[in-house]
Amino acid sequence: MAEPPITLRATFSDTVRGGNLPITRVVVHATAGGQGYPRESRAGVAHSTALYFAGGQAGGSAHYIVDASGAEEHCVPDDVVAFHAPPNQGSIGIEICADPSYTRDQWLSPQVWPAVQAAARRARELCDRFKLPRNRLLPANLLAGQRGVCAHVDVSNAWRQSTHWDTGPNFPWPEFMAEVNAAPAPVPSPVPSEEDDMPQAVSAHVPAGGELVFAFPPAQGGAAGWGRAWLTVIADRFGREGGNVSARIAIRGGDGVWRAAFGRDMTASLAPGTPGVIALNPGDNAAVFSDTNGDIGACVEYAKA
Ligand SMILES: [Zn+2]
């Protein structure tokens, strides 16, 4: 995906194109407009907040604003520094129309959750476009120079340049990060079938820097009678500059011993779109580790003996 067009340009931001590069983090905010639950999140607030940013009265700005209608405003080009969570350079701010005092139940309620989902979709797209790990960052991670997704409060606690505490203590991080990491369906797999003798597939997405272990046979496949399996690993869309994506892949046999799957260093260099296929033996587990320069999709197919 490419950057979406600007909908309403915020007034109070930097102006230098490219000045925000390289992007190192996505910072999630709550607008804290004082309207309370659930008015703060309702349809139209993203637009009214964007109008506020554009009107010259606001002392800050953010790149994106989302509300519970799913509407999104884009107010500052991604490569321009916006003033949302200092130090701002290298970060992209997403404002969720919400109050940081929301309870967990309120965050997860139908009146608010679609705004969280919309923010997660944008965070995911930004992580993918700027090659950021889809990981949550805490202040220690930020200070260590790690890249990923955090809240305004994490930036505040790391560098003490702001006292803002959004997105607040009850923000549903597990659910949000699950949405950020929600698997697309990029992995070629056989057509699912209810028939026992047809190959079945378990697909998953391994984000950059992530790892995943497949058990074989998969739990839902039953304990006995599964005779053949293949692990298919395919570089997803995000090979850096179109180059290969490297993955480390290991197979753990029924004896519990890990062995290399490709070559002696367990590293496969995968050209985007070209799958690597490994035959598995009954009882094998397969582990896939994505290196930091791109995402991969992984799929285990298995069939009855
Ligand atoms: Zn904030």
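# Exercises on the core and the open sheet

The largest nonpolar core has 48 residues, and the residues with the most contacts inside it are Val 26, Val 66, Ile 96, Ala 115, Ala 119 and Ala 123. The model is predicted.

**Exercise 1.** Determine which elements give two or more residues to this core, and which of them gives the most.

*Solution.* Begin with the strands: E1 (25-30), E2 (64-66), E4 (91-96) and E5 (148-151) each give two or more residues. The helices that do so are H1 (45-54), H3 (113-129), H5 (152-159) and H6 (173-180). The most comes from H3, with 8 residues. Next, consider Ala 115 and set aside its neighbours within four places in sequence: Ala 115 is then in contact with Ser 41, Val 66, Asp 67, Ala 68, Ile 96, Cys 97 and Ala 98.

**Exercise 2.** Establish the strand order of the open sheet formed by 5 strands and identify the strands at its edges.

*Solution.* The order is E3-E2-E4-E1-E5, and the pairing is mixed. Strand E3 (72-74) and E5 each have a single partner strand, so each has one side without a neighbour in the sheet; these two strands therefore stand at the edges. Neighbouring strands of this sheet are turned by 20° against each other on average, direction ignored.

**Exercise 3.** Describe how E1, E2, E4 and E5 are joined, giving the sense and the number of bridges for each pair.

*Solution.* Take first the pair E1 and E4, which run parallel and are joined by 6 bridges; here His 29 stands opposite Glu 95 in E4. E2 also runs parallel to E4, with 3 bridges between them, and Tyr 64 has Ile 94 in E4 as its bridge partner. Finally, E1 and E5 pair in the parallel sense over 4 bridges, with Val 28 opposite Ala 151 in E5.

**Exercise 4.** State how the helices H3 and H5 pack on the sheet.

*Solution.* H3 touches E1, E2, E3, E4 and E5, and its direction makes about 165° with that of E4. H5 touches E1 and E5, and its direction makes about 85° with that of E5. The buried residues of H5 are His 152, Val 153, Asp 154 and Val 155, and their cover includes E1, H4 and E5. After H5 comes Arg 160, whose phi is positive, near 55°.

**Exercise 5.** Sort the residues of E4 by the way they point, and decide whether they are buried or exposed.

*Solution.* In a regular strand, side chains alternate between the two faces of the sheet. In E4, Ser 91, Gly 93 and Glu 95 point one way, while Ile 92, Ile 94 and Ile 96 point the other way. All of these residues are buried; that is, 6 of the 6 residues of E4.

**Exercise 6.** Locate Phe 130 and classify its burial.

*Solution.* Phe 130 lies in the loop between H3 and helix H4 (139-143). Around this residue, 18 other C-beta atoms lie within 10 Å. A buried residue needs 20 or more such atoms and an exposed one has 12 or fewer, so Phe 130 is partly exposed. Phe 130 and Ile 23 are 107 residues apart in sequence, yet 6.5 Å apart in space, C-alpha to C-alpha.

**Exercise 7.** Summarise the chain as a whole: how many helices and strands are there, and what percentage of the residues count as buried?

*Solution.* The chain has 6 helices and 14 strands. Of its 305 residues, 39% count as buried. Among contacts with a separation of 6 or more, 73% are between residues 24 or more positions apart.

Note on methods:
Residues are numbered from 1 along each chain as its sequence is written. This is a predicted model: local features need pLDDT of at least 70, side-chain atom pairs count only at pLDDT 80 or more; totals for chains, interfaces and linings use all residues. A nonpolar core is a set of buried Ala, Val, Leu, Ile, Met, Phe, Trp, Tyr and Cys residues joined through C-beta atoms within 7 Å. Two residues are in contact if their C-beta atoms, placed from the backbone, lie within 7 Å. Two strands pair if DSSP finds at least two bridges between them. Axes are lines fitted to C-alpha atoms, for helices over the stretch in contact, and angles run from 0 to 180 degrees between N-to-C directions.
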